[in-house]
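Student: I should like a close look at one part of this model, the stretch of loops and short elements in its middle. Please describe that part in full and then place it against the rest of the fold.

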Amino acid sequence: MAVQASRQASSKTESYVDNKRKEDIRRANIVAARAVADAVRTSLGPKGMDKMISTASGEVIITNDGATILNKMEVLQPAAKMLVELSKSQDVVAGDGTTTVVVIAGALLKQCLSLLDAGIHPTVISDALHKASLKAVDVLTAMAVPVELSDRESLVKSASTSLNSKVVSQYSTLLAPLAVDAVLFVVDPEKPDLIDLRDVKIVKKLGGTVDDTELVKGLVFDKKASHAAGGPTRVDNAKIAVIQFQISPPKTDIEQSIVVSDYTQMDRILKEERNYILGMIKKIKATGCNVLLIQKSILRDAVTDLSLHYLAKAKIMVIKDVERDEIEFITKTLNCLPIANIEHFRAEKLGYADLVEEASLGDGKIVKITGIKDMGRTTTVLVRGSNQLVLDEAERSLHDALCVVRCLVNKKFLIAGGGAPEIELSRQLGAWAKVLQGMESYCVRSFAEALEVIPYTLAENAGLNPITIVTELRNRHAQGEINAGINVRKGQITNILEENVVQPLLVSTSAITLATECVRMILKIDDIVTVR
């Protein structure tokens, strides 16, 4: 009897557990995520292809930026969504390398599949990946070359490397120095690590070509000055006020209708309106102000024809409909205070500039404010382009270049590009794997193999023979040429640092850590539960 009881107990503990489903789900996740990575893979590198995205609303976007492509893709599978988030986070951390990070994640997932097929437990793989990524970051840091902010040339080199893989690559000689100057102008010498890219405002204007893009030390408004009543369009020695109130007759707070029975009363109403506006304008004129920036108003017209007429007579230039979210940028640049009420209108709240003028550009007009006194640390880039698609892509590329310069200001190290760091990592991690024991060494070797995907893809996109190129690269690195990489322009392997193909260290390190983190998360998931 006792024997039977023990047998029953043991059979209960050894009951059959169905592991098939968990493996299936893990496999499905990995396959879905890899599909996303393969979609972006062809747009890697200077010779990468561009994607044309047609949205549901009929809008067309042409881009080479990994984050933009994935953002616009309607990804439904939850694990694949993680790759989209991955490129977003790379965009936030480094700003560049958004395609690279997804491609690396895809390659890692491919290696994980074969490891799982070999029967290695997911947790073991995950831990080994973590170890390998930490080691990889150390290797990269050891390879890096320190850079000084005063060394403008290497900053420009890294910005132009970032621009070379974009649609606007032929303009990289113009846009790269522009991005460097913009960031260096915005950087605060006291707090160099806090760069807010919102201080670099990008104004897009249709017409011209990308060659006409310029950096404006001052403010640019993408609107014309309102001169319906013949106000001035050019003011020297401007005193500028940013106002948030309306220069128009007051309205009642609630919906009311006023019945006017005879003409004398009507005259009185009009006279009151006129006096009210004149009173305001006199107060404005008294401070010596001659340029008004008026915030957009929801409740009533910010200016009426009557007030425009009087402002024109008082020789005050008016720029109306300034967006609400631009106010902060404008006041920071002009070093003035926004004025919320006519009673607070005082001379000390004004900003001063040498020149405010309206210029015609393309089919529209813009207002430029230059020569600002005590200008805040902000700058404006005026981007031109022949069509809307080029404009948008130029803006995205410029943003990437700005981010690259910001990375260099934050972490002052450069590293070679062109697949050189990846191959070097692959070589050193491969050597390290031989020292490790057990399953770990197996997993680290897979991690090392996965990193070869970057040079492989670079060669493939450039139309070279990937297998010979990557083999030759390995050979060069084994001989100790750390900076040997693929020169896509010449179609051969050269010392990449001499070719000026460089990128910030932060881009590479964050790409590897973020990709590994994402892959580890996908590995750890063994079931998807949908909640209705």
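Tutor: Helices and strands here are DSSP runs numbered from the N terminus, a helix being a run of H or I with at least four residues and a strand a run of E with at least two. With that convention, Lys315 is placed in the loop that links helix H10 (305–313) to strand S9 (317–322). The model is a predicted one, in which local features need pLDDT of at least 70, side-chain atom pairs count only at pLDDT 80 or more, and totals for chains, interfaces and linings use all residues. Residues are numbered from 1 along each chain as its sequence is written, and side-chain values use heavy atoms, with hydrogens and water left out.

Lys315 is not a glycine, yet its phi is positive, near 60°. Exposure is judged by relative accessible area: buried means under 20%, exposed over 50%, and partly exposed in between, with a 1.4 Å probe and protein chains only. On this scale Lys315 is exposed, at 58%.

Further along the chain comes helix H11 (residues 327–334), in which six of the eight residues are buried, so the helix is largely enclosed by the rest of the structure. The buried positions are Ile327, Phe329, Ile330, Thr331, Thr333 and Leu334. Thr331, which lies in H11, has a relative accessible area of 12% and is therefore buried. Contact means heavy atoms within 4.5 Å; leaving aside residues up to four places away in sequence, Thr331 touches Val242, Cys336, Leu337 and Pro338.

Asn335 follows H11 and belongs to the loop between this helix and strand S10 (338–339). Its phi is near 60°, again a positive value in a residue other than glycine. In accessibility Asn335 is partly exposed, with a relative accessible area of 45%. Beyond S10, the loop that leads to strand S11 (351–361) holds Asn341. Asn341 also counts as partly exposed, at 33% relative accessibility. Although 96 residues separate Asn341 from Phe245 in sequence, their C-alpha atoms are 5.9 Å apart in space.

The setting of this part includes two open sheets. Two strands are taken to pair if DSSP finds at least two bridges between them. One open sheet has three strands in the order S4-S13-S5, with mixed pairing. Strand S4 (200–206) and strand S5 (214–216) are at its edges with a single partner strand each, so one side of each has no neighbour in the sheet. From one strand to the next, the twist averages 25°. S4 pairs with strand S13 (residues 379–385) in the parallel sense over seven bridges, and Lys201 stands opposite Thr380 in S13. Helix H12 (residues 388–410) packs on this sheet, where it touches S4 and S13, and its direction makes about 165° with that of S4. Such angles run from 0 to 180 degrees between N-to-C directions, with axes as lines fitted to C-alpha atoms, for helices over the stretch in contact.

The other open sheet also has three strands, in the order S3-S14-S17, and its pairing is antiparallel. Strand S3 (145–146) and strand S17 (502–504) form the edges, each with a single partner strand, so one side of each is left without a neighbour in the sheet. S3 and strand S14 (residues 413–416) run antiparallel and are joined by two bridges; Val145 has Leu414 as its bridge partner in S14.

A nonpolar core is a set of buried Ala, Val, Leu, Ile, Met, Phe, Trp, Tyr and Cys residues joined through side-chain atoms within 4.5 Å. The largest such core has 56 residues, and those with the most contacts inside it are Leu83, Ile125, Leu129, Phe447 and Ile512. Helices that each supply at least two residues of this core include H5 (98–117) and H14 (438–450). H5 gives the most, with twelve residues. Another core, of 34 residues, lies apart from it, with Tyr171, Val183, Val210 and Val409 among its members.

Finally, the axes of H5 and H14 come within 9 Å and cross at roughly 145°. At this crossing, Ala107, Leu108, Gln111 and Leu115 in H5 meet Tyr442, Cys443, Ser446, Phe447, Glu449 and Ala450 in H14.
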